[in-house]
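Me: I want the reasoning behind the labels on this model. Please keep it short.

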Amino acid sequence: MINQITKGIKISVDTKYKGTNYRNNRLHHIFGYIITIENKSTETVKLTDRFWTIFDTLNNTEIVSGEGVVGQTPTLKPNDIYKYGSGCFLESNIGAMKGFYTMINLETFEQFKVIIPTFQLTTQSTLN
């Protein structure tokens, strides 16, 4: 599991290879990931936006951004934990993702970025 703390917000990432599937008549590797967001600060924060950079060794780098995560913009009080799962399709069996969340401190209304650490996406055969 990969971890990163920014301004008291801890991001943990756990990945899993989920096999292959055809998409647009091309074979893709499917990767799932679970993100855990822990508010270790003393203030209440809200996740407003996400920004991802997805690296695929057989394809162009893809940028994904937008409001919230999985259709939600969670608010985390001190010591709250929010967890969600998502995934991506890669043409290669090797890739990586990194990014950041934009959050707002609901007490000071300061916006800030929380780093999502770079994590590897690899198949089991690549690891052996």
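Reply: The model is predicted. What follows takes one residue, then the core, then the pockets.

Me: Why is T123 called buried?

Reply: Buried means under 20% relative accessible area. T123 has 3% relative accessibility, so T123 counts as buried. Its place is in the loop between β9 and α1 (124-127).

Me: Which residues does T123 touch, beyond four places away in sequence?

Reply: T123 touches Y17, H29, F31 and N93. Contact means heavy atoms within 4.5 Å.

Me: What makes a set of residues a nonpolar core?

Reply: The members are buried nonpolar residues, such as Ile, Trp, Tyr and Met, joined through side-chain atoms within 4.5 Å. The largest such core here has 25 residues. I11, I35, I37, W52, Y101 and M103 touch the most other members. Two or more residues come from each of β2 (9-23), β3 (26-39), β4 (45-56), β7 (81-90), β8 (94-105) and β9 (111-122). β9 gives the most, with five.

Me: What does I37 touch, leaving out residues up to four places away in sequence?

Reply: I37 touches I9, K10, I11, L47, L76, D80, I81, Y82, Y84, Y101 and M103.

Me: How do you know which residues line the largest pocket?

Reply: A lining residue has an atom within 4 Å of a pocket point. For the largest pocket, 21 residues line the space. I54, E62, V64, G87 and C88 are the closest to its centre. β7 gives the most to this lining, with six residues. The lining divides into 11 nonpolar, five polar and five charged residues. The pocket holds about 340 Å³ of space.

Me: What lines the second largest pocket?

Reply: That pocket has 13 lining residues, with T15, K16, Q120, L121 and T122 nearest its centre. β2 gives the most, with five.

Notes: Residues numbered from 1 in each chain as written. Predicted model: local features only at pLDDT ≥ 70, side-chain atom pairs only at ≥ 80, totals over all residues. Heavy atoms only, no water. Buried < 20%, exposed > 50% of the residue type's maximum accessible area, 1.4 Å probe, protein only. Helix = DSSP H or I, 4+ residues; strand = E, 2+ residues; numbered from the N terminus. 1 Å grid on protein atoms, 1.4 Å probe; cavity = no way out; pocket = protein on both sides within 12 Å on 5 of 7 lines; lining within 4 Å. Points joined across faces, edges and corners; volume = space filled by probe spheres on them. Nonpolar A, V, L, I, M, F, W, Y, C, P; charged D, E, K, R; others polar.
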